[in-house]
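Reader: I'd like to go through this model feature by feature. Can you show me how to read each one as we go?

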Amino acid sequence: MATNTPQFDRLIGGTQDLPPDFSVKRFTSARAQEIAALTQAIEDPQGTCLVFQKLPKHMRRRVMSRTSKRLPRRLREAHMHQDISYYNCIELNGPVDYLLGQLKMLTSKECGLTFEAKLYLDGTREGSVMLFHPNAFPYGAIGKVNFLWKPILHLKSESDMQECQTRTLWIWVHPAFYQEVLDVLISLFHFTEVNSSEDSALNKVIFPSDVIDMLSDDPSISDMKALEKTSSPAKKKRKLAENREKKKDVEETKLAPRNVPFVRTPKYTSSNDSVKMTLLKDTLNRFRLTGPLSHSVLLESLNIAETIDVQSRKYKTSSKIQEESSDMDIICLGSSDECSATTEGKAEEDTDWWKSYYGESKENKESWHYQGELWKNLKRAASPAQLPPCSVLALTIQDPRLLLPSKKTKAVPDSQALMEQHSKENFTSFSPLASVSPIWSSQIRDSATSSKLSTAELAEIRSHNLVPGFISEEFDSEIDDEASLNYSHRRLKVKSCVPILLIQRPGIQNPSEKRLGYGTGWDVVMPAGWAMPLWLAFVFRGARAGGLRESESQGFEADNEAFLAADSVSGIADAEAKQMQLRERYFRLPPNKRPNYIKLGIASPFICSWNVLVSDWMQSTFQNQKMEHTNTSSNVQFFILRDRKKLEYLKSAIDDLKKKVRNGNQKVPDTSKLVDFLPHSTAHCLVPITVHMHGKGNPADHAIICLPSDTDVDNIALNASYPGPIENPLTDEQAGDRKELHAAHKRLLKSLRRKRVKERLKQEDIEALKEESECERDKESGCIMAAKRKQSEHPPTKDIVDKHTETMRSLWLPCTRKMKDSCSRTVIGFVTKGDFSFTESRGVGQGYVVLAALLQMLARCERRLSMEKKLFPPWVLIRNPTNLQYRFGVINIRSI
C-alpha cells in the first residue's frame, strides 16, 4: 500500500499558495547569473593565492616552484616589469666634434661600436659602450653605459648645419660607478660647477618653504605622535580635521626632495664654456619590460594623445573663470638655455605645452603623425624582437590613469591584426621622425610634471561621472549648462599629456646560442612624477613586477655579462662586500656546522681571488721563460679580454675543436697562430667563458675551474658517464691550534672572573667601613656617578674577546697565499655565477679563466694527438667550494 507523502501546493493538500502564472525568462535569467557567479568563484577564487593553488589538486606539486616547465603554458610568466630608475642620466651638450674627440679617450673600437658610430649619431638607436679611464685600455675598466644622441632630421641649409654642430648626449650610468664616471668626465672636460642665482628664487615660488617643511611636519609622523598623547576621542577628531586643513599638495611634497624643476639640477661648464654637463638624476624615470608579451602590454596601456586636433576646439567659459585664470601667476619652468626671459606679473600664456610644441613647427607635426601611424602599425608585430634592434620610438600619450581597466587583465597580441599582416610590410628600419620627442626639452619635462593631476583630484572627477569610477566621457565637449561650468573647467584639467621614449631591446640575436629573441623587451623613459601612473597601467595589463634578483636571473639565462665587471673598481668593491656578508654568515654557524675549507682544499671560498690566481700564473709563465717575477699578488694588475676579434678567434678555435671531435677528425689543430694573435701578457688576461656541465651537477658561485689530468681525460673517454675524480681531504694543521687557543681563552676568562669577584667583595667591605656621618646627598651623588660610569664603560673583557675572535677566524680561514696549486688539480679560473639553467636544462656557470691556461689546454690537444691518443673536447673540471667531487664541463667563449 502506498504511503501518504506530504504535498506542497494547497490545491492538492499542501500548505503553500503558488502563483497562477510563471515567468520562465526571469527564472532562467536569475539561475544563469547564479551559475556564472559560481563558475567565476571556482575558476578565480577571491583572495590572495599562488598560481599553483588555482590548479587541480592532482597537479599541485612542490616541484612546480622550481621547475616552470611543469606549469601549464597559460600560467607561465611571459613578461616582467622592472623599475630601473636607479640608473642615473648625465646630459652633455656641446660641439659634436669636441665631444667625440674627448669621449674617444674613454672607449676603444676593439670592444665594439662607440659614441661616434654612424648607427647611433642620428639618434634613432640607443647604444652601449664599455668605459675605461682615459687612455688606459685594456686596463682601467669602469663599466658599461647606455647612451642616446638627441635626434636630428635631414639638413637642408648651412644654418641647419651650423645648428647641428651642437649636439646633446644622454649617458645612463649604473649607480655603482656613477661617481667614478662623473669624476672622469669632470677631469676630462675640465668642468666647474655652476651656481645658478635663479635657483633659490625660483624654488621659493615653485616649492615654498612650508611645502618643504611638510616633509618633517607630515601628519603621519609628527601629528600622529601628538595624537597618541591625546586621550579624548573628540580631541582626536578635532586634531585630524585641523591636519586636513593644513595639508598641502601631495604631488609637490613628493617632488620637493627631487631635482625638479630643471633649475635645481646640478650643472657644470667646461673651462672654455663650450661644453655643458647637467646631472639629470631624479628627473627621469626608466622602466624595463621583458618578455614577448611586453609589446602587447604597451599597446594596451599607451594611448596616443590627440595633441593637434585639440587646438581647433574652443570652450565656453564664464567671466568668473576668466577672472580666476587671469589672476594666476605664470612661471617659466624651463632652463636658462630654453627659457631665458622670465614672465613677471600676470600673463595669459596657454599652459598646454603640447599645443605650442606641435603647433609651431611643421617637422614636429610630421613627427606626431608618423609616430601615431607607426604605433598603429606595430599592432601587427607579435613581439618586440621583430623590430629594429635598439630602435627608439617617441610618443606623446594621454594620462594612463584615464584608461585603467576595472580589474587586472592580461594583455595578449591582437590575433586579427596579426592575420592582416601583409608580407610586404616589415619593420626593418624606422624614419628619423620616429625618435623626435619633446622630452629632450627641460621646459616641457617640467610642464608635464607640474600639469599632472593628483590622485585626489582624479578621484573627485571620477565621482561626478555618470558611471562612478570610470572616465569614459569626452573632456573636450562643450558645456551649455552654466551651473556645471565650474565642474567642467576642472574636468578639462584631465587633458594632460606626457612625452615618453620607447627603447627596444633585441635580446638574443644568435640562434646558435639560444632561442632567437630571448630576453627581448622595451625600456620606457618618462619625466619625473609619471612613474606610478605608468606602473599601475602596466600592472593592470598583466605585467609582473620584478627586482634585482629577477633581473640577475634573466641575465643569467640570456648569458649576459654581469653589471659590474670583475676588473673594475665597482666590481671589486661589490665582491668584497659580498665576501663580508658570506664570511659573517659562516661564523654565525656553530663550529660543527661549518664546512672546513682547509680540509676541502678551497683557499678562497667567498670571493674570486683573481689577483692571487693571476700572480701564480705570471710566476709560472716567467719560470717557464726563465725570467724573474717581482710582482706580488697585492699589486698585480689584470684585465678582461674584450677585443671582439680576438674573442671570435678563440671561439672559432674551440668550436673547430668540438667539430673535429664530433666528426672523428684526428687532424692536429694549429694553435701557433693563437699565440701570435693574442696579447703578449697572457697571464694578465682573463677570458670570459660559459661552462656547460656534462651530466649531473650544478656549479655554484665561487666554484673553481681546473684542468683535468691525462688520467681524468682517459677515464671520461672510456666511460661517458664517468662522474669525475674526487679530491682527497687535506690535513687541517690548524685544528690543534684552535683547540688549544679555545681552552686557554676559557681559562683566562675564568681567572679574570675570579679576580673581579674578589675586587667586588673587597670594595663592598671598604664601603661598609665608611663613616655614617657622611652627607646623604654626597652618597647619592657618588652612587649616581658610579652607576653612570659603569654604564658608559665597555665590559672589561671586550678587548680580550675581540682579539680572540679575530685570531680564531684567521685559523678557520687563513689568508689566501696561493691559488693555482691549492688542490690536486691546477686551478685556471672561477665561476662568478652558477646555477641550473631552465633554458639549457642543465647546470651552467659563467666565469673567467686565465688566457695562459686556456692556451695550455689547447696545446695539450696537440700533445695527445702526437702521442696517437684520441682527441677530446675542451674538458674542464668544476668543483664547488663545499664539495670534494669534481664534475666535467665543456667551456665556450662568451661574447661581451
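Author: Happy to. Let's begin with a single residue pair: the bridge partner of H81 in β9 is L289. Keep in mind that this is a predicted model.

Reader: Which strand pairs with β9 there, and in what sense?

Author: The general idea is that strands of a sheet pair through backbone hydrogen bonds, either parallel or antiparallel. Here, β1 (residues 80–83) and β9 (residues 284–290) pair in the antiparallel sense, over four bridges.

Reader: What is the strand order of the sheet of six strands, and is the sheet open?

Author: Read across the sheet, neighbour by neighbour. The order is β10-β11-β12-β9-β1-β13, the sheet is open, and the pairing is mixed. β10 (392–398) and β13 (544–546) stand at the edges with a single partner strand each, so one side of each has no neighbour in the sheet. From one strand to the next, the twist averages 30°.

Reader: Which helices pack on this sheet, and which strands do they touch?

Author: For a helix on a sheet, look at the strands it touches and then at its direction. Helix α11 (residues 294–301) touches β9, β11 (497–505) and β12 (521–527), and its direction makes about 35° with that of β12. Helix α20 (residues 548–557) packs on the sheet too, touching β1, β9 and β13, with its direction at about 120° to that of β1.

Reader: What about the sheet of seven strands: what is its order, and is the pairing parallel or antiparallel?

Author: That open sheet reads β3-β4-β5-β2-β8-β7-β6, and its pairing is antiparallel. β3 (127–132) and β6 (192–194) are the edge strands, each with a single partner, so one side of each is left without a neighbour in the sheet. Neighbouring strands in this sheet are turned by 30° against each other on average, direction ignored.

Reader: How do I read the pairing around β8?

Author: Take its two partners in turn. Strand β2 (residues 88–95) is joined to β8 by four bridges, and the two run antiparallel; L92 has M277 in β8 as its bridge partner. Strand β7 (residues 267–269) pairs with β8 (residues 276–279) in the antiparallel sense over three bridges. On that side, Y268 stands opposite M277, and K267 stands opposite T278.

Reader: How many residues lie between β7 and β8 in their hairpin?

Author: Six residues lie between them, and D273 in the turn has a positive phi of about 60°.

Reader: Now helix pairs. At what angle do α27 and α29 cross?

Author: For two helices, check the crossing angle and then the residues that meet. The axes of α27 (residues 735–768) and α29 (residues 798–812) come within 10 Å and cross at roughly 170°. The two helices are therefore roughly antiparallel to each other. Among the residues that meet are H742, H745 and L748 in α27, and H804, M808 and W812 in α29. By class, this contact has eight nonpolar, four polar and two charged residues.

Reader: Last topic: how many cavities of 30 Å³ or more does a search of the whole structure find?

Author: The search finds three. Let's take the second largest cavity, with a volume of about 60 Å³. For a cavity, ask who lines it: here the residues include N259, F262, T283, R445, D446 and P527. Helix α16 (residues 442–450) gives the most to that lining, with four residues. By class, the lining has five nonpolar, four polar and two charged residues.

Key. Residues numbered from 1 in each chain as written. Predicted model: local features only at pLDDT ≥ 70, side-chain atom pairs only at ≥ 80, totals over all residues. Heavy atoms only, no water. Pairing = 2+ DSSP bridges. Axes fitted to C-alpha atoms, helices over the stretch in contact; angles between N-to-C directions. Parallel < 35°, antiparallel > 145°, perpendicular 65-115°, else oblique. Contact = heavy atoms within 4.5 Å. Nonpolar A, V, L, I, M, F, W, Y, C, P; charged D, E, K, R; others polar. 1 Å grid on protein atoms, 1.4 Å probe; cavity = no way out; pocket = protein on both sides within 12 Å on 5 of 7 lines; lining within 4 Å. Points joined across faces, edges and corners; volume = space filled by probe spheres on them.
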